[in-house]
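Hi,

Here is the structure I promised to pass on. Have a look at it first, and then read on for what turned up.

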Amino acid sequence: AEPFRAERLAEEALELTRDERRTIQRDLTLLDFDPRGIDGIFGPGTRGAIRNWQQQNGFAQTGYLDEEQVARIEAQAARRAAQL
């Protein structure tokens with residue numbers, strides 16, 4: 001009954017710390033995907049930013065991250081930071 005249950009459970013299995021979540025939110029902001037705050041909590045704003053990033057990067061728009069997506073966001077943000 002829950003859409004994207006497997007994806008949610010996969011993200012939970014990553015056991016992201018609050019600091020790691022903040023880093024992801026910072027990275028999304030740097031990539032022009034607004035999570036509506038950098039607080040380490042993945043609320044509706046962050047989930048929307050993740051979905052928008054997923055859409056632009058050819059992933060299913062689940063709003064949940066897996067290990068590959070976290071790494072890709074980090075790499076893209078590092079490249080963007082180097083450009084600025």
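Let me start with one pair of side chains: Glu11 and Arg47 are joined by a polar contact of 2.8 Å. Please keep in mind that this is a predicted model. The pair also counts as a salt bridge, with 2.8 Å from N to O. It ties together distant parts of the chain, since Glu11 sits in helix α1 and Arg47 in helix α3, 36 residues apart.

Are these two partners buried or exposed? Glu11 has a relative accessibility of 2%, so it counts as buried. Arg47 is buried as well, because its relative accessible area is 14%, and the cut-off for buried is under 20%. Helix α1, where Glu11 is placed, runs over residues 5–13. Leaving aside residues up to four places away in sequence, Glu11 touches Arg21, Phe42, Arg47, Gly63, Tyr64 and Leu65.

The structure has 5 salt bridges, and two others are worth a look. Arg8 and Glu12 meet through their side chains at 2.7 Å, N to O. Both belong to helix α1 and are 4 residues apart, about one turn of the helix. Glu12 counts as partly exposed, because its relative accessibility is 43%.

In helix α4, Glu68 forms a salt bridge with Arg72, and their closest N and O atoms are 3.0 Å apart. Here too the partners lie 4 residues apart, about one turn of the helix. Glu68 is partly exposed at a relative accessible area of 43%, and Arg72 is partly exposed at 34% relative accessibility. Elsewhere, salt bridges that share partners connect Glu2, Arg8 and Glu12 in one network.

Now for α4 itself. This helix covers residues 67–83, 17 residues in total, and spans 25 Å from its first C-alpha to its last, close to the expected 24 Å. Its buried residues are Gln69, Val70, Ile73, Gln76 and Ala77. They cover an arc of only 135° around the axis, which means that they are on the same side of α4. Among the elements that cover these buried residues are α2 (18–30) and α3 (44–56).

What does the face of α4 turned away from its buried side carry? There you will find the exposed residues Glu67, Arg79 and Ala82. At the N-terminal end of α4, Asp66 acts as the cap: one of its side-chain oxygens lies 3.2 Å from the backbone nitrogen of Glu68.

Happy browsing, and best wishes!

Methods. Residues are numbered from 1 along each chain as its sequence is written. This is a predicted model: local features need pLDDT of at least 70, side-chain atom pairs count only at pLDDT 80 or more; totals for chains, interfaces and linings use all residues. Side-chain values use heavy atoms; hydrogens and water are left out. Helices (H or I, at least four residues) and strands (E, at least two) are DSSP runs, numbered from the N terminus. The expected span of a helix is 1.5 Å times one less than its number of residues. Buried means under 20% relative accessible area, exposed over 50%, partly exposed in between (1.4 Å probe, protein chains only). The arc is that of the directions from the helix axis to the C-beta atoms. Contact means heavy atoms within 4.5 Å. A polar contact is a pair of N or O atoms within 3.5 Å; within protein, one must be able to donate a hydrogen and the other to accept it, and residues adjacent in sequence count only if both atoms are side-chain atoms. A salt bridge is a side-chain nitrogen of Lys or Arg within 4 Å of a carboxyl oxygen of Asp or Glu.
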